[in-house]
Amino acid sequence: LVVLEDGSRVLLNTDTQLRVDFASAQRTVEVRSGEAFFEVTKDPRRPFVVRIAGSEVVAVGTAFSVRYASVSHAADELAVTLVEGQVKVRPASGKARDALAPAQPVLMNAGDRLLLDREPGHAVSKVVARLDRPNVERVMAWKRDEAVFDDTSLADAVAEMNRYNRTPIVLLDGLESAGLRVSGLYHTSDSTEFANAVAALHGLNVREQGGRLELTKPH
C-alpha cells in the first residue's frame with residue numbers, strides 16, 4: 001500500500017511497477033506493468049491521470065483498478081474496473097502505434113469494466129474495446145489474496161497463479177493447448193493446493209521436481 005503526497009492511496013498487486021509525477025495542473029501516475037487499485041483524493045483543480053499501455057484513465061475523486069498483462073496468455077490485455085465514481089478512458093497523447101487504447105474516449109460509471117485487446121490477425125494498432133459489468137468482488141479478489149476463475153483456460157489460470165508464488169506450475173504433455181478449463185476460488189499463496197485441485201478435476205498427475213510443480217497427463 002502506497003500513500004501519495006495528495007492523500008490518494010494505491011494498492012499494488014505483485015510484479016507491478018509505476019512512476020508518479022505530480023505537477024500543479026495534473027497528478028500523473030504511469031503504470032508500466034502489473035495491477036493496481038487507486039483510491040483518489042478529490043481535487044477538481046488537478047485531475048488524476050493514470051497512464052497505462054497507451055491509454056489514460058482520467059479521474060477526480062474515485063476508486064478504480066487497472067491491470068496490464070502483456071504476457072502471451074492474457075485474454076484481456078488491459079482492463080480498467082471502476083468501483084465508485086466516474087472516470088474517462090482515452091488514448092494517451094502522443095500514443096505509440098501499438099498502444100492499447102480505445103478509438104474514442106469511453107466514459108465509465110461505477111460497476112463498469114473496460115477491456116482492451118488486440119484483435120488476432122490484424123495489425124498491432126487494431127484494438128477491440130468491450131464494456132461490461134462484472135462481479136466486482138471477484139475482480140478485486142486479489143486484494144484478499146484470492147484468485148477467482150470462471151471457466152478460465154488452464155494456461156491462463158496457471159499464468160495468474162504463478163504471479164504470486166516462488167514455486168511455479170509448469171504444464172507438460174501439451175496441456176497448455178489441451179482446452180482444459182478451470183473454475184473456483186483459490187488462495188494465491190498456495191500453488192500446491194491449486195495444482196492438486198486442477199489435477200483432481202481433470203485426472204492429471206502432479207509432481208514436484210527441480211523447484212517447480214509439473215502437471216502432466218497420466219501415463
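Colleague: How many residues lie between strand 1 and strand 2 in their hairpin?
Modeller: The hairpin leaves five residues between strand 1 and strand 2, and Gly7 in the turn has a positive phi of about 95°. Strand 1 (residues 2-3) and strand 2 (residues 9-12) run antiparallel and are joined by two bridges, with Val10 in strand 2 as the bridge partner of Val2. Strands are DSSP runs of E with at least two residues, helices are runs of H or I with at least four, and both are numbered from the N terminus; two strands pair if DSSP finds at least two bridges between them.

Colleague: Before we go on, what are the ground rules for this model?
Modeller: This is a predicted model, in which local features need pLDDT of at least 70 and side-chain atom pairs count only at pLDDT 80 or more, while totals for chains, interfaces and linings use all residues. Residues are numbered from 1 along each chain as its sequence is written, and side-chain values use heavy atoms, with hydrogens and water left out.

Colleague: OK, how many bridges link strand 2 and strand 4?
Modeller: Four bridges join them in the antiparallel sense, and the partner of Leu11 in strand 4 is Phe37. The ring of Phe37 also has the charged end of Lys143 sitting over it, 3.8 Å from the ring centre; a charge sits over a ring if NZ of Lys or CZ of Arg is within 6 Å of the centre and within 35 degrees of the ring normal.

Colleague: And strand 6, how many of its residues are buried?
Modeller: Five of its five residues are buried, where buried means under 20% relative accessible area, exposed means over 50%, and partly exposed is in between, with a 1.4 Å probe and protein chains only. Ser55, Val57 and Ala59 point one way from the strand, whereas Glu56 and Val58 point the other way.

Colleague: Which way does strand 6 pair with its neighbours, parallel or antiparallel?
Modeller: Strand 6 pairs with strand 5 in the antiparallel sense over five bridges, and with strand 9 in that sense over four. Val50 has Val57 as its bridge partner, and Val58 has Lys88. Strand 5 and strand 6 also form a hairpin with two residues between them, where Ala53 in the turn has a positive phi of about 55°.

Colleague: Which residues have the most contacts inside the largest nonpolar core?
Modeller: They are Phe38, Phe48, Val50, Val57, Phe64, Val66 and Met108, in a core of 26 residues; such a core is a set of buried Ala, Val, Leu, Ile, Met, Phe, Trp, Tyr and Cys residues joined through side-chain atoms within 4.5 Å. Strand 4 gives the most to this core, with four residues. A second, separate core of 19 residues includes Ala147, Phe149, Leu171 and Val198.

Colleague: What does Val66 touch?
Modeller: Leaving aside residues up to four places away in sequence, Val66 touches ten residues' worth of surroundings that include Val31, Phe38, Val50, Ile52, Val57 and Val80, a contact being heavy atoms within 4.5 Å.Colleague: Switching to rings, how many aromatic pairs are there?
Modeller: There are six, with rings of Phe, Tyr and Trp (its six-membered ring) counted as paired if their centres lie within 6.5 Å, and with planes under 30 degrees apart called stacked, over 60 edge-to-face and the rest tilted. Tyr186 and Phe194 form an edge-to-face pair, 5.0 Å centre to centre with 85° between the planes. Both are buried, Tyr186 at a relative accessible area of 10% and Phe194 at 0%. Phe22, Phe38, Phe48 and Phe64 form one aromatic cluster.

Colleague: What covers the buried residues of helix 2?
Modeller: The cover includes strand 7 (63-68), strand 13 (146-153), strand 14 (169-171), strand 15 (181-187) and helix 3 (191-202). In helix 2 (residues 154-162), the buried residues are Leu154, Ala155, Ala157, Val158, Glu160 and Met161.

Colleague: Strand 14 again: in what order do the strands of its open sheet run?
Modeller: The order is 14-17-16, with mixed pairing. Strand 14 and strand 16 (205-209) stand at the edges with a single partner strand each, so one side of each has no neighbour in the sheet. Five bridges join strand 16 to strand 17 (residues 212-216), which run antiparallel, and Asn205 has Thr216 as its bridge partner. Helix 3 packs on the sheet, touching strand 14, strand 16 and strand 17, and its direction makes about 5° with that of strand 17; axes are lines fitted to C-alpha atoms, for helices over the stretch in contact, and angles run from 0 to 180 degrees between N-to-C directions.

Colleague: Last one, where does Gly174 lie?
Modeller: Gly174 lies in the loop between strand 14 and strand 15, and at 44% relative accessibility it counts as partly exposed. Gly174 and Lys217 are 43 residues apart in sequence, and their C-alpha atoms are 8.6 Å apart in space.

How values were computed. Contact = heavy atoms within 4.5 Å.
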